[in-house]
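Student: I've just opened this one and don't know my way around yet. Could we go through it together, one question at a time?

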Amino acid sequence: MADVDAINVFNITVRGSDVVAPCPETERVLIALEQAAPFPKPKPVNVGCRKGGCGACRIRVLSGDYTTIKMSRAHVTEAEEADGYVLACRVFPASDMEIEPAFLTPHERMEMRKAERD
Amino acid sequence: MSQEGLLRPGIAQLRVLDMEESVRHYVEYIGLELVGTGDDGRVYLRGYDEFHRHSVVLREADEAGIDFFAFKADNQKSVDRFRKNLEAYGLEVRDIPAGEQPGVGARISFTVPTGHDIQIFAEMELSDSPNAPETKNPYIWNVEPKGMRAQRMDHCLLYGPDINEVEKIFTECLDFQTPERVETPDGTLGIWMTVSNKAHDIAFVNHPEPGKLHHLAFFLENWSDVGHAADIMTRYDISRDVGPTRHGITRGQTIYFFDPSGNRNEVFAGGYTYYKDQPPRVWDHNNVGRGIFYYERQLNEAFLSVVT
Ligand code: FES
Ligand SMILES: [Fe+2]
């Protein structure tokens with residue numbers, strides 16, 4: 001009985017950086033990125049709560065399949081999620097993925113939410 | 001008794017993404033007591049050294065952050081006086097009936113220019129928990145506190161615009177003092193305000209988005225308990241932001257860390273004793289790093305950009 005329990009490992013690449021993070025399908029993309037870029041290498045994406053609430057690890061998925069668990073709507077609206085925006089600490093890969101950081105400063109976030117309301 | 005009017009922070013209601021995970025965090029790890037769950041699903045928590053029924057309320061929502069922060073007043077006459085002051089200032093004051101939270105009397109509620117809902121109440125039932133602090137020949141605790149051994153909910157730091165106006169409201173209408181502040185060429189960056197002998201009961205930092213929470217803080221007995229809290233964070237994989245370190249402002253010994261919804265928490269020990277006749281302490285923009293993180297002597301990036 002080969003491989004029923006084998007865990008697939010996918011490669012996460014970050015546009016604009018040479019980091020390639022192997023990420024098991026059971027691991028959250030942010031954690032794999034952190035492990036692939038240990039101190040003192042610069043972190044490819046920001047890290048905060050690691051729990052989907054603070055928005056520090058906001059990214060855009062450029063290609064690849066993935067699943068997500070609950071993310072704060074303050075940082076990823078439904079429309080943004082449909083556009084591939086996610087919080088890296090709430091994402092599990094289902095194929096190789098290419099991502100780019102999409103952290104919003106408080107000012108950018110405010111402008112964006114304001115533009116959505118108008 | 002010379003402290004009249006507002007006595008202390010009384011209730012903080014936080015929004016959390018996942019109630020079960022959040023209760024584990026606040027009860028097992030921070031060490032609050034689970035008081036109960038309301039009919040609407042809100043969860044009520046109490047620090048082991050708090051006499052009253054609850055101080056922290058969790059509400060499940062799809063966005064993290066703070067619903068409101070409430071102060072406890074000495075009696076209803078003071079609440080009425082504060083209402084008059086606030087209305088005379090031009091703020092709209094709303095009523096929240098007794099019983100909206102179990103064991104809590106009527107509250108007044110008003111929104112300050114930073115976008116936060118601030119509330120005042122005079123009545124809350126004493127805790128009937130067997131673990132509540134004793135009053136007759138008391139032990140320091142009945143049952144040894146668990147986790148980080150948080151004694152009480154202590155203060156919060158809120159982010160939003162127009163903090164100078166907020167300072168005016170708090171000092172003119174509610175009798176707060178501002179023992180410490182940060183002034184930069186671009187204006188006031190932060191204010192640390194108190195209604196008691198503590199260095200701060202609430203603080204505000206200037207920020208473009210309204211209604212944001214930077215952190216909710218819990219009081220620990222001493223520096224050694226701050227170290228113990230750090231041990232708990234590593235053991236249970238709690239995301240740490242900064243510390244253990246010290247704040248220059250307030251002099252508190254501290255760790256910033258995150259709850260499972262991304263709300264920042266703080267454990268805080270020490271801090272100076274404030275008296276109303278002390279002159280205000282002022283920090284400038286060249287020294288604000290040491291003001292916030294006394295050992296690092298610089299801000300981390302998250303301090304000004306990661307809030308819920
Ligand atoms: S690190 Fe806070 S949302 Fe991912
Ligand atoms: Fe604090």
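Student: Across the interface of chain B and chain A, how many residue pairs are in polar contact?
Tutor: Keep in mind that this is a predicted model, so a pair counts here only if both residues have pLDDT 80 or more. With that filter on, the number of residue pairs in polar contact between chain B and chain A comes to 5.

Student: Which helix gives the largest share of the side of chain B that touches chain A?
Tutor: Look at residues 301-305 of chain B. That stretch puts 3 residues into the contact side, and its name is helix H6.

Student: By class, what residues make up that side of chain B?
Tutor: Chain B brings 23 residues to the contact, and chain A brings 20. Sorted by class, the chain B side has 9 nonpolar, 6 polar and 8 charged.

Student: How much area is buried between the two chains, and what part do carbon and sulfur atoms give?
Tutor: Carbon and sulfur atoms give 55% of the buried area. The area itself, between chain B and chain A, is about 1700 Å².

Student: Which side chain of chain A meets B:Glu21 in a salt bridge?
Tutor: The rule finds 2 salt bridges across this interface. In one of them, a nitrogen and an oxygen sit 3.7 Å apart, inside the 4 Å cut-off. The partner of B:Glu21 is A:Lys51.

Student: How far apart in sequence are A:Glu111 and A:Lys114, which also form a salt bridge?
Tutor: The whole structure has 26 salt bridges over all chains, and this pair meets at 3.9 Å, N to O. Both residues lie in helix H3 (residues 106-117) of chain A, about one turn of the helix from each other. In sequence, they are 3 residues apart.

Student: Why does each edge strand of the open sheet in chain B have one side left without a neighbour?
Tutor: The sheet has 9 strands with mixed pairing, in the order S14-S15-S16-S13-S9-S12-S11-S10-S17. Strands S14 (240-246) and S17 (281-284) stand at its edges, so one side of each is left free of a neighbour in the sheet: each has a single partner strand.

Student: What stands opposite B:Val242?
Tutor: S14(B) pairs with strand S15 (residues 252-258) of chain B in the antiparallel sense, over 4 bridges. Facing B:Val242 from S15(B) is B:Tyr256.

Student: Which helix packs on the sheet and touches S14, S15 and S16 of chain B?
Tutor: Its direction makes about 15° with that of S15(B), and it covers residues 223-235 of chain B. That is helix H4.

Conventions
Residues numbered from 1 in each chain as written. Chains lettered and ligands numbered in written order. Predicted model: local features only at pLDDT ≥ 70, side-chain atom pairs only at ≥ 80, totals over all residues. Heavy atoms only, no water. Contact = heavy atoms within 4.5 Å. Buried area = accessible area lost by both parts, 1.4 Å probe. Polar contact = N/O pair within 3.5 Å; in protein donor to acceptor, adjacent residues only side chain to side chain. Helix = DSSP H or I, 4+ residues; strand = E, 2+ residues; numbered from the N terminus. Nonpolar A, V, L, I, M, F, W, Y, C, P; charged D, E, K, R; others polar. Pairing = 2+ DSSP bridges. Axes fitted to C-alpha atoms, helices over the stretch in contact; angles between N-to-C directions.
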